[in-house]
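Trainee: Got a minute to walk through this one with me?
Mentor: Sure. Put it up and ask away.

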Amino acid sequence: MLRSFLAAVLLLAAAPALADESTFSITIKDHKFEPAELTIPANKKVTLVVKNDDRTMEEFESKELRREKVIPGGQEAKIHVGPLKPGRYEFFGEFNPKTARGWLVAK
Amino acid sequence: MLGAAVIVFRETLEAALIVSIVMAATVGIPGRNRWVGAGVLAGIGGAVLVAAFAATIAAAAAGMGQELFNAAVLLAAVVMLGWHTVWMAGHGRTLASEVNAVGRAVAEGTRPLWALAVVAGVAVLREGSETVLFLYGIAAGGQDGAAALFAGGLVGIVAGALLGAALYLGLLRIPMRHLFAVTNWMVMLLAAGMAAQAANFLVQADLLPTLGEPLWDTSFLVSDDSLAGRLLHTLVGYVSEPSGIQLLFWAATLAVIGLAAQAVGRATPVRSAS
């Protein structure tokens, strides 16, 4: 049942995932974001590809961006963001909030 | 250790509050402990499963599996909460008009408890899976002071559960006559907040438009990270910087459940006490 659910869900999500957007990469290493500050175009949808190089899971979270996503160790995750008004938006790693902090700067 | 306690406390709190509301909404119904207990246990089991398959879920649906899974689980809870409210509207008046305590207990015994059991289970599943992932990460990472972090996690669970218990005991102080009205509203607001959260996951998966992001910013009043912000988030769906689609889902859920309950309530004749 889970498999058919996932298959149905796959069909649902496959089309919009291919939409044309600009892509930006962030890497998590030693529970820190690299780069910790990333400039993206304002008023435009972008996709963040967050790669977790640590062995442990991390949750990419941002109240200001209204995003939360668990990223297993050694995997990467796509996170759709925006369109954002110009400004600074903070994000953090929920599981390591002291070290894993970063900002998106929409210009 | 404190950091771990805070992280786990946040996750536990939301589930504990939801379970408290469910318990308050079922006061006096025979078998409710069994039903809600089973829901919570199933939720814990589900949380471990979801955590174990986190990588599989994350990779599903072209990388949007997590968002779709969360949205689906939340919307299922919304349907259950809505159904409970509408059912109550059809039977609540009969209950209130029956003076006979025995008749009342029997009538209430027929209430669909499994709907609320599912809600309790879903709440524990969602929040619990993150706690499991977090604690597992500590255990697997072999960090220094893993034992202290684990202890912190336990403190967080206990603190969250205590706050949930406090809400429940507080609700019990409301006179029986008003308790159902209060819990009915709480259940509806809970459903609205969950619908808004589901909408946000669908935006994150790029399946819904944001319809304005954000509409306003009240973080200077109540920040999402504060305890008050977290309580309000769970109880009424508070978000300091909501998007248009979140507001739309929130309002539409309240309106649909409210109108359906009203229609059912009007269609149900008030039975006189006999």
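**Chain by chain**

Mentor: Chain A has 1 helix and 9 strands. Keep in mind that this is a predicted model.
Trainee: In what order do the elements of chain A run from the N terminus?
Mentor: The order is α-β-β-β-β-β-β-β-β-β.
Trainee: And how much of chain A is buried?
Mentor: Buried residues are 36% of its 107 residues.
Trainee: What about contacts between residues 24 or more positions apart in chain A?
Mentor: Those make up 58% of the chain A contacts with a separation of 6 or more.
Trainee: Switching to the interface. How many residues does each chain put into the contact?
Mentor: Chain A gives 27 residues and chain B gives 28 residues.
Trainee: Which elements of chain A supply at least two residues each?
Mentor: On the side of chain A that touches chain B, they are α1 (2-17), β6 (67-71) and β7 (76-81). The largest share comes from α1(A), with 7 residues.
Trainee: How does that side of chain A divide into nonpolar, polar and charged?
Mentor: It has 14 nonpolar, 3 polar and 10 charged residues.
Trainee: Now the core. Which residues have the most contacts inside the largest nonpolar one?
Mentor: B:V119, B:A120 and B:A198, in a core of 103 residues. Helix α1 (residues 2-25) of chain B gives the most to this core, 16 residues.
Trainee: Why would nonpolar side chains end up together?
Mentor: In soluble globular proteins, they tend to be buried together.
Trainee: What does B:V119 touch, leaving out residues up to four places away in sequence?
Mentor: B:I18, B:V22, B:A77, B:M80 and B:L81.
Trainee: Back to α1(B). At what angle does it pack with α9(B)?
Mentor: About 40°, with the axes 10 Å apart. Helix α9 of chain B covers residues 227-236. The crossing of α1(B) with α9(B) is right-handed.
Trainee: Which residues meet there, α1(B) with α9(B)?
Mentor: From α1(B), B:R10, B:L13, B:E14, B:L17 and B:I18. From α9(B), B:R230, B:T234 and B:L235. By class, this contact has 4 nonpolar, 1 polar and 3 charged residues.
Trainee: One more. Where is B:G152?
Mentor: In helix α7 of chain B, residues 146-172.
Trainee: Is B:G152 buried or exposed?
Mentor: Buried, because B:G152 has 22 C-beta neighbours inside 10 Å, and 20 or more is the cut-off.
Trainee: And what does B:G152 touch, beyond residues up to four places away in sequence?
Mentor: The start of the list is B:M1 and B:L2, and B:G3, B:A4 and B:A5 are also touched.

Methods. Residues numbered from 1 in each chain as written. Chains lettered and ligands numbered in written order. Predicted model: local features only at pLDDT ≥ 70, side-chain atom pairs only at ≥ 80, totals over all residues. Contact = placed C-beta atoms within 7 Å. Helix = DSSP H or I, 4+ residues; strand = E, 2+ residues; numbered from the N terminus. Nonpolar A, V, L, I, M, F, W, Y, C, P; charged D, E, K, R; others polar. Buried ≥ 20, exposed ≤ 12 C-beta atoms within 10 Å, placed from the backbone. Core = buried A, V, L, I, M, F, W, Y, C linked by C-beta atoms within 7 Å. Axes fitted to C-alpha atoms, helices over the stretch in contact; angles between N-to-C directions. Left-handed = near helix turned anticlockwise from the far one by under 90°.
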